[in-house]
Amino acid sequence: NSFISQGRNPNRVSHFSSGWKGSENIDKVINLRSPLELSKDGKTYEIRGVARLISQEYEQNARLPFSQIYINVENAPSSNKTEMMGAWLVDDDTGYVLNLGNFFINFRGTGSMEHRIYQFFGPYDTLMLTREPLPAADPFPHELVLIGDLK
């Protein structure tokens, strides 16, 4: 299932890639792993997550870079009145951290978010999900819950 327009005629056999327009496209599924284990009622649960990152250096319709990310989480600690889950992209070369937004985890430990932005995600190396306080005291990531590699 491709969300990215391929920019070519599928009926014509060609040796050109779909990125012939001179732009880079990223369509990647990211498995998120956790350094934590959640214990509840004597049972240990593994916090799991998956994300799908779709990014175009040059989107045909808007003529701008465009990116989407879909995140799903299972078995995470549920959100309450004082905390929520935050999503961050990290550029390992420069240390720059981009906040994608926050979302709540329900009492079953599941949550999801979708984020769209006119920006290319090519330079970023890592996706982090963190536990963030409410209200946010500072614009930096807090306690790490899940992490995944983009490269």
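Let me start with one contact: the side chains of Arg 131 and Glu 143 meet in a salt bridge, 3.4 Å from N to O. The two residues sit in distant parts of the chain, with Arg 131 in strand 9 and Glu 143 in strand 10, twelve residues apart. Keep in mind that this is a predicted model.

How exposed is Glu 143? Its relative accessible area is 39%. The cut-offs are under 20% for buried and over 50% for exposed, so Glu 143 counts as partly exposed.

Arg 131 has another partner. It also forms a salt bridge with Glu 83, where the closest N and O atoms are 3.8 Å apart. Arg 131 belongs to strand 9, residues 126-133, and Glu 83 to strand 6, residues 83-90, so this pair ties together parts that lie 48 residues apart in sequence. Which residues end up in one network? Through salt bridges that share partners, Glu 83, Arg 131 and Glu 143 are joined.

As background, side chains of opposite charge can pair when their charged atoms come close.

Now the sheet that these strands belong to. Four strands form an open sheet in the order 7-6-9-10, and the pairing is antiparallel. Which strands stand at the edges? Those are strand 7, residues 97-103, and strand 10. Each of these edge strands has a single partner strand, so one side of each is left without a neighbour in the sheet. On average, neighbouring strands here are turned by 25° against each other, with direction ignored.

Let me look at one pairing in that order. Strand 9 and strand 10 pair in the antiparallel sense over six bridges. On strand 10, Leu 146 is the residue that stands opposite Leu 129. The salt bridge I opened with, from Arg 131 to Glu 143, links these two strands as well.

Back to charged pairs. How many salt bridges does a search of the whole structure find? The count is six. One of them involves Arg 33 and Asp 149, with the closest N and O atoms 3.9 Å apart. Arg 33 lies in the loop between strand 1 (25-32) and strand 2 (37-40), while Asp 149 is in strand 10, residues 143-149, so the pair ties together parts that are 116 residues apart in sequence. Both partners are partly exposed: Arg 33 has 44% relative accessibility, and Asp 149 has 42%.

To close, strand 10 holds Glu 143, a partner of Arg 131, and also Asp 149, the partner of Arg 33. That is all from me.

Note on methods: Residues numbered from 1 in each chain as written. Predicted model: local features only at pLDDT ≥ 70, side-chain atom pairs only at ≥ 80, totals over all residues. Heavy atoms only, no water. Salt bridge = Lys/Arg side-chain N within 4 Å of Asp/Glu carboxyl O. Buried < 20%, exposed > 50% of the residue type's maximum accessible area, 1.4 Å probe, protein only. Pairing = 2+ DSSP bridges. Axes fitted to C-alpha atoms, helices over the stretch in contact; angles between N-to-C directions.
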